[in-house]
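Me: Please take a close look at one part of this model, a loop residue and the strands around it. I would like a connected account that starts at the loop and works outward to the sheet and the core.

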Amino acid sequence: MNLVPLPYKHEHYRCPSCARDISADDISDSWRCNVCTSAVAIYAEDATGRRKILNRLSPAELHENFCVVIPGAGFEYIYKVICVTPKNGNFRVALRSYRAVDFTPGSLIECVIGAW
Ligand SMILES: [Zn+2]
């Protein structure tokens, strides 16, 4: 799965380290602040009005207990990472109460870091 995040009904962006808002035009492909390289906090609202704060991370940055949004599913279905294992050049991410999903190294995975 080479995942491109779907746009939400609403998104805005902030760097938690610099404590500044970031415009969509200043977002790089890595989803990191171009001043301090912190992961950008994405304030997103899904189609049903649920609001979460996300990071978009590569599979190499995932760790146990990170909460992952299933692509395209909105915020009704969020699963905890059990483990991440290298597999044939990709990353196999085992999700609790779901299944294992393989991601290519260049994928972006949405992880929930809070709500707003
Ligand atoms: Zn920053």
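**The loop and its surroundings**

Reply: Asn-65 sits in the loop that links β4 to β5. The model is a predicted one. The phi angle of Asn-65 is near 75°, a positive value in a residue that is not glycine. Asn-65 counts as exposed, because 9 other C-beta atoms lie within 10 Å, and the cut-off for exposed is 12 or fewer.

A second loop residue can be described in the same terms. Ser-97 is located in the loop between β7 and β8. Its phi is positive, about 65°, although Ser-97 is not a glycine. Ser-97 is exposed too, with 8 other C-beta atoms within 10 Å.

The strands that these loops join belong to an open sheet. Nine strands form this sheet, in the order β2-β1-β3-β4-β9-β5-β6-β7-β8, and the pairing is antiparallel. In that order, β9 stands between β4 and β5. The edges are taken by β2 (20-22) and β8, each with a single partner strand, so one side of each has no neighbour in the sheet. On average, neighbouring strands of the sheet are turned by 45° against each other, with direction ignored.

On the other side of β4 in the sheet order is β3. β3 and β4 pair in the antiparallel sense over four bridges. One residue pair can be named here: Ala-44 has Lys-52, in β4, as its bridge partner.

Next comes the core. The largest nonpolar core contains 18 residues, and those with the most contacts inside it are Val-40, Ile-42, Leu-54, Val-68, Phe-103, Ile-109 and Cys-111. At least two residues of this core come from each of β3 (41-45), β4 (51-57), β5 (67-69), β7 (90-95), β8 (100-103) and β9 (109-115). Thus both strands flanking the loop of Asn-65 are among the contributors to the core. The largest share, three residues, is supplied by β3.

Finally, the chain as a whole. The chain has nine strands and zero helices. Its radius of gyration is 14 Å, close to the 13 Å given by the globule rule for 116 residues, so the chain is as compact as a globular protein of that length. The C-alpha atoms fill a box of roughly 35 × 30 × 20 Å along the principal axes. Of the 116 residues, 21% are buried. Among contacts between residues at least 6 apart in sequence, 49% join residues at least 24 apart.

Definitions and conventions. Residues numbered from 1 in each chain as written. Predicted model: local features only at pLDDT ≥ 70, side-chain atom pairs only at ≥ 80, totals over all residues. Core = buried A, V, L, I, M, F, W, Y, C linked by C-beta atoms within 7 Å. Buried ≥ 20, exposed ≤ 12 C-beta atoms within 10 Å, placed from the backbone. Pairing = 2+ DSSP bridges. Axes fitted to C-alpha atoms, helices over the stretch in contact; angles between N-to-C directions. Rg over C-alpha atoms; globule rule 2.2 N^0.38 Å. Contact = placed C-beta atoms within 7 Å.
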